[in-house]
Amino acid sequence: MRSSLLKVLGALLICSGSAVAQTTITVDLNNTSANPTISKYIYSHFAEHLGRGIYDGFYVGDTSKIPNTNGVRNDVVAALRKMKIPSLRWPGGCFADTYHWRDGIGPKDKRPAIVNKWWGGVVEDNSFGTHDFLNMCELLGAEPYVSGNVGSGTVQELADWIQYTGSDNKNPMSDLRKANGRDKPWSVKFWGVGNEAWGCGGNMTPEYYANEFRKYATFMGSSEGKTKLFRVASGASDDDYNWTETLMRNIPHHLIEGVAVHHYAVIGWEKKGPATGFTEEQYFTTMQRALQMDTLVTRHARIMDKYDPKKQIALVVDEWGGWYDVEPGTNPGFLYQQNTMRDAMIAGTTLNIFNNHADRVRMANLAQCINVLQAVILTNKQKMILTPTYYVMEMYNVHQDATLLPTKVSETDYAFGKDKLPAVSASASKDKAGVVHISLTNIDPSKKQKITLKLNGQNFKSVSGRILTSAKTGDCNTFNAPDKIKAVAFNGAVLKGNTLEVTLPAISVAVLTLN
């Protein structure tokens, strides 16, 4: 009897213990002057002419009853300013290589319509064009990142666009801009030279695209020397390392400032799985795809190091995020999907990866901002909700332009069947005021983590934090329950000298502040 009782008690102890895992994280605060800066542009976003991303998302028109400024929703502007959006990529995506910028300037009632051949075949009236986008960026306090048309455009067309937006001298393009109501230039810095040239941007070989880039970059020049342009080459899809190698080898480095790469956390392109109501197997696979980002960045960066050991050219991950089947009953070409705690896990782990590769990754653009793919905002007429991804991006903005602090995380696995993934990821930084921030994610859907943080090189007096968590990976905010998930104060950290004890719930993202 006693033996049986002891066995039962032992089993209970094992079961209860299995719900908690132990992790050790070391943060190195020594010799920080040599560490790279985490570029704020890692926290950039993407707004393509796709579905309800621009129209009905950002832009409702100046006659709308929804409060707006020149047609742009005021509530969207306020939310994105709070999130501290540093840069916004536009007009695509695949759409960029069919977009002709002159169609989107001048009186709105005289602008020609365009068929969006990539996304649903809808007819757009071009009421949202260059002035609308660049003026909106000023409202957002964000720098524009414009994707130029290489697939169906010309070198002259892109050179004229740069002059139209950036020239303060008297010339035909600046005269045209002034005639359209904008006296001073916007001085756009970031320019993409085409998009996905290996696919929808022209199905080019890397050798052919490298030559095209050389030609375009030569004639892009700068805005009469007042704004040094940051020219981004259309980069590889996922693990196409040959593409990166070819560009780095064949493009003279004085013509290029960034090389792009795209990677989505997608289960499979033919069968992506639902955005909600997914199984744990689907959750595990999505996280496995998301965590591949570390390998991809490492290997693309290694190739770049071979040709650019001083790391003068940036790796620009200008499309990333989760991609699922569209919501039932919506247009398949609009890519509208709900956003759950699974997406918060993608965001938390991916941003930690980018932070930890800040020596080479200096811009990244979440796809996409509103109503498309892994959106931070969803709208429905006058209603607007902030998604779990929004709160992660907003919490993490403390890392923008801060100094990276190296972290080392002990192995703690999230196991599913015979497969395993790292359960915990982390990144840390010190801002200009000397405040240290540590971001933590726990992707395990059932186990909380007991984390010991060893802070080597500095003692602290206080710790505070914020956390995003929920009971299930599929939990989300809806228009009927917009505040089900949001960031709240976190009290699960105890400071003892230069050691921090943290209890991190399952499926959670936390950001700690140390003074």
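The following exchange concerns the sheets, a helix pair and the cysteines of a predicted model.

Reader: In what order do the strands of the five-stranded open sheet lie, and which are the edge strands?

Author: The pairing in this open sheet is mixed, and the order is β17-β1-β22-β26-β25. From one strand to the next, the twist averages 20°. A strand at the edge pairs on one side only, and this holds for β17 (407-409) and β25 (493-496).

Reader: In which sense does β22 pair with β1, and in which with β26?

Author: Nine bridges join strand β1 (residues 20-28) to strand β22 (residues 448-456), and D28 has N456 as its bridge partner in β22. Six bridges join β22 to strand β26 (residues 499-504), where Q449 stands opposite L504. The pairing of β22 is parallel with β1 and antiparallel with β26.

Reader: Which residue of β17 stands opposite T26?

Author: Strands β1 and β17 run antiparallel and are joined by three bridges. Within β17, the residue opposite T26 is K408.

Reader: Which residue of β20 is the bridge partner of L405?

Author: An open sheet of six strands, with antiparallel pairing, has the order β16-β20-β21-β27-β23-β24. Its edge strands are β16 (403-405) and β24 (488-489). Strand β16 is joined by three bridges to strand β20 (residues 424-430), and there the partner of L405 is A428.

Reader: At about what angle does helix α10 run to β23?

Author: Helix α9 (residues 341-356) lies across β16, β20, β21 (436-442), β23 (463-469) and β27 (508-514), at about 50° to β20. Helix α10 (residues 388-396) lies across β21, β23 and β27, and its angle to β23 is about 160°.

Reader: How is the crossing of α2 and α3 classed?

Author: Two packed helices are described by the angle between their axes and the distance between the axes. For helix α2 (residues 74-83) and helix α3 (residues 130-140), the axes come within 9 Å and cross at roughly 55°. Angles of 35 to 65 degrees fall outside the parallel and perpendicular classes, so α2 is, relative to α3, oblique.

Reader: Which residues make the contact of α2 with α3, and how do they divide by character?

Author: From α2 come V77, L80 and R81, which meet E138, L139 and L140 of α3. By character, the residues of this contact are four nonpolar, no polar and two charged.

Reader: How many residues apart in sequence are the parts that the disulfide of C94 and C200 ties together?

Author: The structure holds one disulfide, formed by C94 and C200 with sulfur atoms 2.2 Å apart. The link is left-handed, with -90° about the S-S bond. Because C94 lies in the loop between β5 (87-90) and β6 (114-115) and C200 in the loop between β9 (190-193) and α6 (206-220), the parts tied together are separated in sequence by 106 residues.

Reader: Are C94 and C200 buried or exposed?

Author: The cut-off for a buried residue is under 20% relative accessible area. The value is 11% for C94 and 17% for C200. Therefore C94 counts as buried, and C200 also counts as buried.

Reader: How far from the sulfur of C137 is the nearest cysteine sulfur?

Author: C137 is in no disulfide, and C369 is in no disulfide either. C137 is buried at 1% relative accessibility, and C369 is buried with a relative accessible area of 1%. A disulfide needs sulfur atoms within 2.5 Å, whereas the nearest cysteine sulfur to that of C137 belongs to C369, at a distance of 10 Å.

Methods. Residues numbered from 1 in each chain as written. Predicted model: local features only at pLDDT ≥ 70, side-chain atom pairs only at ≥ 80, totals over all residues. Heavy atoms only, no water. Pairing = 2+ DSSP bridges. Helix = DSSP H or I, 4+ residues; strand = E, 2+ residues; numbered from the N terminus. Axes fitted to C-alpha atoms, helices over the stretch in contact; angles between N-to-C directions. Parallel < 35°, antiparallel > 145°, perpendicular 65-115°, else oblique. Contact = heavy atoms within 4.5 Å. Nonpolar A, V, L, I, M, F, W, Y, C, P; charged D, E, K, R; others polar. Buried < 20%, exposed > 50% of the residue type's maximum accessible area, 1.4 Å probe, protein only.
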